[in-house]
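I opened my notebook beside this structure and wrote down what I looked up, step by step. Please follow along with the model on screen.

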Amino acid sequence: MKIWVDADACPVVIKDILYRAAERTGIQLTLVANQAVIIPRSRYVRFIRVASGFDVADSEIVKRLEAGDLVITSDIPLAADVIEKGGLALSPRGELHTANNIKSRLNIRDFMETLRASGIDTGGPPALSQSDRKAFADHLDKILVKYAKDN
């Protein structure tokens with residue numbers, strides 16, 4: 001298993017949790033973004049900078065992803081691509097995207113985008129809360145423990 005991070009929009013606190021998890025488990029963590037990201041010195045943490053452009057980082061992640069890899073993203077279409085390719089998709093809020101829930105999440109996303117395109121202010125997501133951080137860390141830990149047991 002490798003962990004891939006859609007790093008352009010990933011909160012710093014979530015990246016910090018991921019850095020510690022990579023060191024603790026020895027699992028390769030790769031952040032992908034179209035802007036510079038400062039990462040700690042570690043043999044387990046890498047950064048790939050991609051060109052600017054719509055979904056360039058997402059495409060790079062999907063291209064390199066292997067079945068069983070974990071992707072950290074709040075991008076629902078990317079999560080759908082990850083699931084289709086046999087990977088796991090976890091949001092920075094600790095929501096695990098699955099084959100059972102991704103279609104409804106895509107529909108909600110598309111509906112909200114339609115509202116915004118028609119001029120309706122839907123607001124943005126709330127700030128990342130302490131309970132979101134805990135949910136993320138707990139779900140990440142469950143995935144990593146299961147991976148360790150299976151290997």
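Which residue in E3 does Thr30 stand opposite? I looked it up and found Arg46 facing Thr30. A reminder to myself before going further: this model is predicted.

**Entry 1, the sheet.** Next I traced the strands around that pair. I find an open sheet of six strands, running E3-E2-E1-E4-E5-E6, with mixed pairing. At the edges I noted strand E3 (45-49) and strand E6 (96-97), each of which pairs on one side only. Strand E2, residues 29-33, pairs with E3 in the parallel sense, and I see five bridges between them.

**Entry 2, a helix on the sheet.** I then asked which strands helix H5 touches. Helix H5 (residues 130-150) packs on the sheet and touches strand E1 (3-6), strand E4 (70-72), strand E5 (88-90) and E6. For the direction of H5 against that of E5, I wrote down an angle of about 160°.

**Entry 3, the cores.** I turned to the nonpolar residues. The largest nonpolar core holds 24 residues, and Ile3, Val5, Leu18, Leu29, Ile72 and Leu140 have the most contacts inside it. I checked where its residues come from: E1, helix H1 (12-25), E2, E4 and H5 each supply at least two. Which element gives the most? My answer is H1, with six residues.

I picked Leu140 for a closer look. With neighbours within four places in sequence left aside, Leu140 is in contact with Ile17, Leu18, Ala21, Leu70 and Leu90. Apart from the largest core I also found another one, of 16 residues, including Val50, Ala57, Ala80 and Ile102.

**Entry 4, empty space.** How many cavities of 30 Å³ or more does a search of the whole structure find? I have one in my notes. The volume I have for the largest cavity is about 40 Å³. Its lining is made by Asp6, Ala9, Cys10, Ile72, Thr73, Ser74 and Pro92. I recognise Ile72 from the core entry, where it is among the residues with the most contacts.

**Entry 5, a loop serine.** Last, I went to Ser91, which sits in the loop between E5 and E6. Is Ser91 buried or exposed? I count Ser91 as buried because its relative accessible area is 3%, and the cut-off for buried is under 20%. Not counting residues up to four places away in sequence, Ser91 touches Thr73, His97 and Phe136. I had already met Thr73 in the lining of the largest cavity.

Key:
Residues are numbered from 1 along each chain as its sequence is written. This is a predicted model: local features need pLDDT of at least 70, side-chain atom pairs count only at pLDDT 80 or more; totals for chains, interfaces and linings use all residues. Side-chain values use heavy atoms; hydrogens and water are left out. Two strands pair if DSSP finds at least two bridges between them. Helices (H or I, at least four residues) and strands (E, at least two) are DSSP runs, numbered from the N terminus. Contact means heavy atoms within 4.5 Å. Axes are lines fitted to C-alpha atoms, for helices over the stretch in contact, and angles run from 0 to 180 degrees between N-to-C directions. A nonpolar core is a set of buried Ala, Val, Leu, Ile, Met, Phe, Trp, Tyr and Cys residues joined through side-chain atoms within 4.5 Å. Buried means under 20% relative accessible area, exposed over 50%, partly exposed in between (1.4 Å probe, protein chains only). On a 1 Å grid over the protein atoms alone, a cavity is a set of points where a 1.4 Å probe fits but cannot get out, and a pocket is an open set with protein on both sides within 12 Å along at least five of seven lines; lining residues have an atom within 4 Å of a point. Grid points are joined across faces, edges and corners, and a volume is the space filled by probe spheres set on the points.
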